[in-house]
Amino acid sequence: MNHFLTIEGLSRDDLGGLLDDADEFVEVLHRPIPKVPALRGKTVATMFFEASTRTKMSFEKAAKALSADTMSFSPGTSSLSKGESLKDTVLTIKAMGTDAMVVRHTATGAPWRIAEWIEQPVLNGGDGAHQHPTQALLDALTIRQHFGTLDGLKIGIVGDIRHSRVARSDIQAFSTLGAEVTMVAPRTLLPVVPEVFEAAASEDLDSVLPDLDVVYVLRVQAERGGASVFPSLSEYTARYGITKERFARLKPDAIVLHPGPMNRGVEIEGAVADDPRALILDQVFNGVAVRMAVLFRLLGGEHAE
Amino acid sequence: MQSELILAGGTVLTADGPVETDLRIVDGHIAEIGGGLDGDERIDCTDTWVGPGLVDLHAHFREPGQEWKEDITTGSRAAAAGGYTAVVVMPNTDPATDAGHLARFVADRGAEAGLVDVMPAGAVSKGRAGVELAHLDELWAAGVRVFSDDGDVVADAGLLRRAMDYLAARGGVISQHAVDVGLSRGGHMHEGAVSSLLGMYGIPSAADDVIIARDLKLVEVTGARYHVQHLSTANGVAMIADAKANGLPVTAEVTPHHLAFDHHAAEGTDPVYKMMPPLRSTEDRDALRRGLVDGTIDVVATDHAPHADHEEEVPWEHAPNGVIGLEWAAAVVNTFAGLDQEAFYDRLSVAPARIGQIEGHGLLPAIGVPANLTVFDPNREWTPTVTLSKAQNSPYLGLPLRGKATITVYRGVVTAVDGAVTGEGS
């Protein structure tokens with residue numbers, strides 16, 4: 001593995017191996033001193049051309065827990081705002097000396113382009129509405145911790161799938177790991193050609209809900225796209241919101257996940273988000289562990305001390 | 001001094017069909033056709049096609065205003081190298097070609113370069129802003145016969161109707177960039193399986209189809225000549241076929257890239273495959289190939305669209321649309337569409353010269369005809385690796401092709417041999 005760009009094409013064994021590694025880093029993170037020297041002397045640059053708090057912090061925490069140094073880049077304060085090209089920005093930061101770049105970008109494929117320009121590993125921290133592979137790993141890890149396996153689980157992904165990199169990566173990871181995935185959304189938020197995904201598609205949440213083991217609630221992305229894709233937030237909540245009433249109709253051991261940040265009262269009611277069966281903060285914790293696993297896989301191995 | 005040149009032994013496309021014979025060119029015109037001609041300057045054309053010089057109805061030479069991408073000299077070199085003797089250049093320059101003096105500037109710069117006839121297309125609207133009519137009368141007087149806001153659709157049906165009314169009597173053609181604004185907003189590639197997988201906003205085929213359908217109604221009303229640029233959809237091909245069957249004065253062009261590729265080329269998000277309209281489905285591509293062969297589509301136009309390297313070294317969504325293509329358009333058509341000699345010169349020379357009303361071009365070799373000629377070897381296997389354009393945004397660099405323009409003769413003078421320019425400044 002030279003880069004970590006996408007879930008697409010990874011095998012069940014690839015994914016299982018990364019999750020097994022992540023389990024070990026979960027154990028590290030529970031130690032009194034949650035740090036190992038595996039990547040001492042390495043430098044990881046987090047290059048978030050699109051604003052992000054949690055993913056960037058999570059990668060930085062993961063790098064530091066492996067004893068790597070970090071440096072970060074944010075577009076608001078950079079030369080990008082002075083008109084520097086993406087390629088020049090990347091080559092400049094590479095010249096300072098980095099061993100890996102974590103890239104988030106609003107444009108689909110940006111991490112792939114950057115991977116053409118530098119020899120160092122590139123980790124996709126989310127590109128456009130395309131892929132967010134470490135999110136899929138942390139989601140799969142959270143589900144596996146709870147159920148022991150994803151095999152045979154029924155997982156409903158509810159919300160703006162069309163514009164969601166989380167959904168694309170999750171569908172591919174969950175189905176590869178043996179789950180049955182259903183995409184639930186109004187037609188304007190389903191992929192235009194839903195058949196390209198190994199998942200069923202439904203516009204009717206209430207008919208799907210009682211069978212689900214996992215409800216994966218996507219954020220309503222008011223900031224993305226701009227075009228009005230549903231008539232009003234209240235109408236969305238009425239049809240697709242995970243309310244207390246809908247939560248009560250789930251199987252007793254079903255769990256709720258959300259990639260954050262949440263719009264309480266829109267796609268998820270506050271009381272549901274705070275329920276013990278909503279594993280949203282577990283997801284956040286696991287995010288650090290899976291990112292340690294990926295960084296270690298790319299930068300550690302035989303080169304590690 | 002009398003200049004003389006003999007093209008010997010080629011398969012010459014005459015009014016009676018292809019004939020293996022020699023051509024004698026004297027002072028810029030064809031003086032003699034027949035076997036066994038002799039002279040000092042004699043070029044062997046055995047096993048190659050000889051026909052009228054290629055004519056491009058749709059290219060971007062970027063001058064004035066964007067000379068870092070291309071200029072009229074470098075564009076002319078690429079054109080001559082690819083077998084072209086006349087090129088219609090689009091008015092989306094800076095300033096836009098929306099008045100007579102601007103059209104004359106472009107034509108004059110083309111004459112200075114001296115390698116092809118550079119024919120300016122004029123804007124339909126002032127500044128290509130889609131609000132007020134451009135100086136259509138001035139443009140006409142400056143020799144403009146093709147009118148387009150290319151790069152943008154003429155979105156306002158009322159404005160388009162007035163332009164059609166104005167030009168119908170004169171006989172100018174409106175060349176429409178048929179992509180609906182609302183349906184394409186935010187889109188960067190064909191809406192379909194690939195865009196769904198990539199999570200990219202798509203441009204549905206309907207974006208093109210609704211404009212063509214609307215415009216055909218206006219052609220019925222006005223009787224104006226109407227030409228669809230860079231046709232990309234199977235529905236578009238069907239609508240053009242119906243309109244022609246109904247006797248409407250309608251024509252259409254297809255680009256080499258829409259013949260060669262489909263939207264699967266976008267899977268790797270390499271911006272070199274980013275076009276407007278986008279590369280569409282395999283079915284669309286196949287319908288375009290059939291439409292070109294059966295003549296529903298009149299013309300192959302390159303939509304030669306140069307962009308600098310640094311403009312392409314960005315993610316797909318930030319990259320500009322288009323590819324360069326003058327140097328290998330004929331080869332791409334020969335490779336992917338498989339036209340016979342007569343159809344080849346029809347779609348790449350005779351029809352575009354007729355639609356663009358370009359004098360002295362698109363004329364089958366005959367005694368007294370201006371010697372604008374292209375020799376094409378339909379069997380030559382080669383791979384483009386370099387370009388004479390300032391730009392290199394081309395998916396064909398490195399792609400094996402079959403067929404090559406081997407000799408270009410412009411006004412009786414050889415301007416290019418085997419892809420290298422020879423007659424500069426003549």
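The following exchange concerns two contacts in a predicted model, one between chains and one between domains.

Me: Before we start, what should I know about the model and its numbering?
Reply: The model is predicted, and local features need pLDDT of at least 70, side-chain atom pairs count only at pLDDT 80 or more, while totals for chains, interfaces and linings use all residues. Residues are numbered from 1 along each chain as its sequence is written, and chains are lettered from A in the order in which they are written.

Me: How many residues does each chain bring to the contact?
Reply: Chain A gives 22 residues and chain B gives 19 residues; two residues are in contact if their C-beta atoms, placed from the backbone, lie within 7 Å.

Me: Which helices of chain A supply at least two residues each there?
Reply: These are α3 (86-97), α4 (110-117) and α6 (165-176) of chain A. The largest share, three residues, comes from α4(A). Helices are DSSP runs (H or I, at least four residues), as are strands (E, at least two), numbered from the N terminus.

Me: Now the domains. What are the bounds in chain A?
Reply: Domain 1 covers 12-131 + 284-303 and domain 2 covers 133-281; such bounds come from an automatic or database domain assignment. Their centres, taken over C-alpha atoms, are separated by 26 Å.

Me: And how many residues of each domain take part in the contact?
Reply: Domain 1 of chain A contributes 21 residues and domain 2 of chain A contributes 18 residues.

Me: Which element gives the largest share on the domain 1 side?
Reply: That is α11(A), with eight residues.
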